[in-house]
Amino acid sequence: MNYFDYAATTPLHPEAALVYTELSISCYGNTSSLHEIGTEAENMLEFCRAELAAMLNVESAGVYFTSGGTESNLLSIISLAKANRAKGNHIITTLGEHPSVDSALEYLKEDGFDITKIPFTKDGLINLDTFKKAIKPNTILVSVQHINPEIGTIQPLEEISEIVKEYGILLHSDCVQSFGKIDLARIVNCVDSLTISAHKTYGPKGVGVAYIHPRHRIIPVFPGLVHESGFKGGTVNVPGIAAFITATKQLTDPQELNEKHTKFRDAFLTKILKYPEFFTVYDCNDRNIQMPQIIGLRITNVEGQLMMLELNRHGFAISTGSACQVGQQTSSKAMMALQVDPQKAKEFIRISFGESTTLTSVDALAEQLVKIRKQIHTTQSASNHKIERTSI
């Protein structure tokens, strides 16, 4: 099977798997236990916290380990909003955020918060003028995903940061798709909080990170919890966290990765865009704000689910959007944010590259995609012709 769904999840790196197995046996203590075995686990946890803080160039006091990107978004957004409620109750986000962000905001909405969601421009970006107009005197928090997981556009977080600083508004960013794939050095300096998920970077599932700048007061979403300074509950997954740090250290240099995936993207688009009547690609013309390894496109008159199943039958694994919303009756979040007609939005599919992707497999995917679409077109044409003859 040729795997083209790396934006959904990645395979566990062998080195990370080895570390996970070894520590599950030798470092199994509860970090809150006061005996020697618990202390060993606590020391390993703090070592990992310092390692990740160094990677991000942030203070380790602001690093909280969680069960994944979803929990990180939920806890970060709700905690920051409640901690700053005395200043206001208005939050701004986009229509293209991860479902976990929507979930956190729906929870806050029921608690009396006012939520504004901004659509994307045709390039898949937040319109800064629209964003400025959305700011109110009681706006306290903005949540904007760094890289969209369905079309790969990179939001202008630095510009957004400059705007919100003028008003004393906090900025949260879901960096699940960008960590390990892009240099976050400038981003960490312009956000108040960000989130990461281990399984997007060849680490284990069930591990995530929420970074909240130590200058901010946090209010635990659930009172009485003891782990991660009261930020979350549940025994900390030390072996998984160590495996995550190990996997991160094995990652290809972001610039090298970007160059390789740009070649793959160009090769793929060169083949399919010979048929503009069949395919519509959603991306940004400016390559500086477009992640090359994520390609979001629509196949004219073919539902994404059908194309996914057909490609799977021929040995190619793709997706119809964010894995966290597959199976729901809603359209792709990116298509909603781009305000694409709901019927056309059902034609959306996503292709994403990773470590094992090759130019040969990319070419084969493009050829198979075109072949399937041509076959469907031929079938549709024959069917329409038959209906016309019958009607006469």
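Is Lys-136 buried, partly exposed or exposed? Select Lys-136 in this predicted model, and you will find a residue that is partly exposed, because its relative accessible area of 36% falls between the 20% below which a residue is called buried and the 50% above which it is called exposed. Lys-136 sits in the loop that runs between helix H5 (128–134) and strand E5 (139–143).

Keep Lys-136 selected and add His-90 and Asp-114, the residues with which Lys-136 is in contact once its neighbours within four places in sequence are left aside. Although Lys-136 and His-90 are 46 residues apart in sequence, their C-alpha atoms are 7.4 Å apart in space.

Next, select helix H3 (residues 69–83) together with helix H4 (residues 99–110), whose axes come within 8 Å and cross at roughly 30°, H3 passing H4 in a right-handed crossing. Among the residues that meet here are Leu-74, Ile-77 and Ile-78 in H3, and Val-101, Ala-104 and Leu-108 in H4. By class, the residues of this contact comprise nine nonpolar, five polar and one charged.

Finally, turn to the largest pocket, which holds about 670 Å³ of space, and select Ile-154, Ile-182, Arg-287, Asn-288 and Ile-289, which are the closest to its centre of the 29 residues that line it. Then colour helix H6 (157–167), helix H7 (185–188) and helix H9 (254–272), each of which supplies at least two residues of the lining, with H9 giving the largest share, seven residues. The lining of this pocket is made up of twelve nonpolar, eight polar and nine charged residues.

Conventions. Residues are numbered from 1 along each chain as its sequence is written. This is a predicted model: local features need pLDDT of at least 70, side-chain atom pairs count only at pLDDT 80 or more; totals for chains, interfaces and linings use all residues. Side-chain values use heavy atoms; hydrogens and water are left out. Helices (H or I, at least four residues) and strands (E, at least two) are DSSP runs, numbered from the N terminus. Buried means under 20% relative accessible area, exposed over 50%, partly exposed in between (1.4 Å probe, protein chains only). Contact means heavy atoms within 4.5 Å. Axes are lines fitted to C-alpha atoms, for helices over the stretch in contact, and angles run from 0 to 180 degrees between N-to-C directions. A crossing is left-handed if the near helix is turned anticlockwise from the far one by less than a right angle, and right-handed if clockwise. Ala, Val, Leu, Ile, Met, Phe, Trp, Tyr, Cys and Pro count as nonpolar, Asp, Glu, Lys and Arg as charged, and the others, Gly among them, as polar. On a 1 Å grid over the protein atoms alone, a cavity is a set of points where a 1.4 Å probe fits but cannot get out, and a pocket is an open set with protein on both sides within 12 Å along at least five of seven lines; lining residues have an atom within 4 Å of a point. Grid points are joined across faces, edges and corners, and a volume is the space filled by probe spheres set on the points.
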